[in-house]
Amino acid sequence: MVVARDLHKRFGALQVLGGVSLHIDRGEVIALIGPSGSGKSTLLRCLNHLEIIDRGEILIAGEKLVDTDTQGRARYIPEAEIRRVCRRMGMVFQHFNLFPHFTVLENLIEAPVTVKGMKRDEIVPRAEELLRKVGLLDKAGAYPNRLSGGQKQRVAIARALAMDPDIMLFDEPTSALDPELTGEVLRTMRQLAHEHMTMLVVTHEMAFAREVAHRVCFMDKGQIVEERAARAFFENPQHERARAFLEHVL
Ligand code: ADP
Ligand code: MG
């Protein structure tokens with residue numbers, strides 16, 4: 001579902017991705033972990049074109065998003081194609097990013113109507129089904145400022161799912177939440193994983209990563225320095241930096 005090869009990205013003089021490669025199979029859950037500043041968010045943002053890579057190759061669900069020309073520069077497909085390919089990915093951010101002036105239900109139907117041209121009659125039942133799934137059907141008419149952080153994040157997940165993505169990217173979805181609210185969001189994500197959604201999850205929730213992820217990719221200084229089955233990784237991390245990190249967070 002996702003193939004990234006040798007991604008390079010710099011911000012000015014700062015090399016943020018120094019040759020990252022990643023494969024995600026259909027139905028796989030990958031936990032992307034690593035210290036702050038190691039490039040995790042940038043990697044996600046490059047995958048769904050919120051950032052432009054300098055060089056490398058990305059394929060999403062078998063379709064090329066970008067490759068590298070003979071001069072070694074990133075060569076993207078045309079803009080309209082980019083939008084179509086990236087629509088196959090849903091993204092959930094640390095800070096929910098809900099539309100504050102829309103109700104919960106309107107938040108879910110906005111993109112399917114304006115981006116996909118779906119009819120409200122088609123999308124409303126689907127949106128309600130998704131709200132039921134995340135346990136928030138009773139909040140359909142509420143505005144985001146009336147919700148707890150955990151509820152907002154579950155709405156954000158439902159909103160991403162309303163676009164019917166093949167892949168879900170999560171960037172620290174529980175980091176902005178009070179500890180007692182993280183459980184409900186992790187439960188929703190665990191349920192998605194059990195339904196075989198393909199997921200790439202940046203998280204500091206090590207118990208979640210260990211239980212739910214199939215593989216762990218550990219990033220340090222713009223590179224994936226260790227990539228292994230989740231259980232093996234947590235039992236016995238190989239890379240020195242990964243060991244130090246786990247000792248710190250566990
Ligand atoms: P992580 O998510 O692992 O904490 P990030 O991908 O957010 O790491 O950041 C990696 C590095 O890139 C950091 O040093 C960060 O300061 C830098 N960085 C991220 N975004 C930008 C940007 N838009 N401009 C300049 N530097 C950035
Ligand atoms: Mg980050």
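1. Helix H1 is the element that contributes most to the shell around ligand 1, supplying three residues. The model discussed in this note is a predicted one, and the remarks below should be read with that in mind. The residues around the ligand are Phe11, Leu14, Val16, Gly34, Ser36, Gly37, Ser38, Gly39, Lys40, Ser41 and Thr42. Two elements give two or more residues to this shell, namely strand S2, which covers residues 14-24, and helix H1, which covers residues 40-47.

2. As for the chemical character of the surroundings of ligand 1, the shell divides by class into seven polar residues, three nonpolar residues and one charged residue. Lysine counts as charged, and Lys40 is among the residues listed around the ligand.

3. The UniProt record, in an unreviewed entry, places the feature "domain: ABC transporter" at residues 2-246. In the model, this span is 37% helix and 28% strand, and the C-alpha atoms at its two ends lie 27 Å apart.

4. Turning to the helix packing, helix H3 (residues 104-114) meets helix H4 (residues 120-133) at an angle of about 130°, with the two axes 9 Å apart. H3 and H4 are therefore oblique to each other, and their crossing is right-handed. On the H3 side, the contact is made by Val104, Leu105, Leu108, Ile109, Pro112 and Val113, while H4 brings Arg120, Ile123, Val124, Ala127, Leu130 and Leu131. The residues of this contact comprise eleven nonpolar and one charged, with no polar residue.

5. Helix H3 also packs against H5, where the axes come within 8 Å and cross at roughly 30°. Because angles under 35 degrees count as roughly parallel, H3 is described as roughly parallel to H5. This crossing, too, is right-handed. Val104, Asn107 and Leu108 of H3 face Val155, Ala158 and Arg159 of H5 in the contact, and by class these residues are four nonpolar, one polar and one charged. Val104 and Leu108 of H3 thus appear in the contact with H5 as well as in the contact with H4.

6. Helix H5 (residues 149-161) has a further partner in helix H6 (residues 179-194), the pair packing at an angle of about 15° with axes 8 Å apart. That angle makes H5 roughly parallel to H6, and H5 passes H6 in a right-handed crossing. From H5 the contact draws on Gly149, Gly150, Gln153, Arg154 and Ile157, and from H6 on Leu181, Glu184, Val185 and Thr188. The class make-up of this contact is three nonpolar, four polar and two charged residues, whereas the contact of H3 with H4 has no polar residues.

Methods: Residues numbered from 1 in each chain as written. Chains lettered and ligands numbered in written order. Predicted model: local features only at pLDDT ≥ 70, side-chain atom pairs only at ≥ 80, totals over all residues. Near = placed C-beta within 6 Å. Helix = DSSP H or I, 4+ residues; strand = E, 2+ residues; numbered from the N terminus. Axes fitted to C-alpha atoms, helices over the stretch in contact; angles between N-to-C directions. Parallel < 35°, antiparallel > 145°, perpendicular 65-115°, else oblique. Left-handed = near helix turned anticlockwise from the far one by under 90°. Contact = placed C-beta atoms within 7 Å. UniProt positions renumbered as here; feature names shortened; annotations may be inferred.
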